[in-house]
Amino acid sequence: MNTFANNKPVIQLRDLVKTYQTGEVEVKAVRGVTLDIQRGDLVAIMGASGSGKSTLMNTLGCLDQPTGGNYLLDDIAVSRLNRKELAKLRNKKIGFVFQSFNLLARTSALENVELPMFYSHPLIPLRERRQRAVQTLEEVGLGDRLSHHPSQLSGGQQQCIAIARALVNRPELVLADEPTGNIDTRTSIEIMGLFQDLNDNGITIVMITHELDIAAYCKRIVVMRDGLVISDTRNENRRFARQEIATLYQAEQKAKLA
Ligand SMILES: Nc1ncnc2c1ncn2[C@@H]1O[C@H](COP(=O)(O)OP(=O)(O)OP(=O)(O)O)[C@@H](O)[C@H]1O
Ligand SMILES: [Mg+2]
């Protein structure tokens, strides 16, 4: 299952630059970022609005090419790839989760999760696609919501479907842009529990968040300002979501009995 061939960092950025040119206006969104991310890390990217977090993440995710510097993903020089090769690499190695879930509205949970497998090479047979989608939905705790459409589910459940969709191709790297941005605190802790479980199983996760409380569940916190990394620290006092959920649950049960 391990598609990453060696123990070099999954992500190696060297002096990465991304400049947007819109008419006469030039915006230097990322101005020279050098960063390594090791396999098995769980990284929070923080920073004020407009500091370049999403731009950096879109580059990490091969959705966008940098305008300067180098990016090696699993030792592959991303800037040398054409669009088709980029799409293939992305589909094979990366799962994406977005703040607004980005699910297809009039489509069941199951079909939403099956979707990325249509783009796999070689094509996965229908039966296996279905089996894998069901299994992945069960893994995120939604095995009993297969036929529900997004509008029939809570925000937290919709995000779990989006996470299942990100995982169904068995990526080594999950990139999440404010995955808990539209979700209440309790459900956010559950989402972080899911991310911590995935990370314990070896998946590398990079997530953007505005909330310190959420970054606290990550192993490493990178802060950006004006297109640069201004701080990069290991989180020595990591929070553990599963423990907190169990404690919350016990307290609720106690309150019910009282
Ligand atoms: N497609 C684009 N075309 C032109 N400029 C862009 C584009 N995307 C982002 N920018 C600009 O690049 C800068 C960084 O934007 P980015 O979306 O990366 O910030 P962010 O840190 O993710 O902010 P937020 O926390 O609000 O999501 C901003 O000044 C933004 O206006
Ligand atoms: Mg953003």
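This briefing introduces helix H4 and the surroundings of ligand 1. The model is predicted, so local features need pLDDT of at least 70 and side-chain atom pairs count only at pLDDT 80 or more, while totals for chains, interfaces and linings use all residues. Residues are numbered from 1 along each chain as its sequence is written, and chains are lettered from A and ligands numbered from 1 in the order in which they are written.

**Helix H4**

- Helix H4 covers residues 126-139; helices (H or I, at least four residues) and strands (E, at least two) are DSSP runs, numbered from the N terminus.
- At 1.5 Å a residue (counting one less than the number of residues), its 14 residues should span 20 Å, and the end C-alpha atoms are indeed 20 Å apart.
- Arg-129, Ala-133, Thr-136 and Leu-137 are the buried residues of H4 (20 or more other C-beta atoms within 10 Å of their own, against 12 or fewer for exposed, with C-beta atoms placed from the backbone).
- They sit on the same side of H4, because their arc around the axis, taken from the directions to the C-beta atoms, is only 100°.
- Arg-127, Glu-128 and Gln-131 are exposed on the other side of H4.
- Just after H4 comes Gly-141, with a positive phi of about 80°.

**Ligand 1**

- Residues around ligand 1 (C-beta atom, placed from the backbone, within 6 Å) include Tyr-20, Val-27, Gly-47 and Lys-53.
- Strand E1 (11-22), strand E2 (25-37) and helix H1 (53-60) each give two or more residues to this shell.
- H1 gives the most, with 3 residues.
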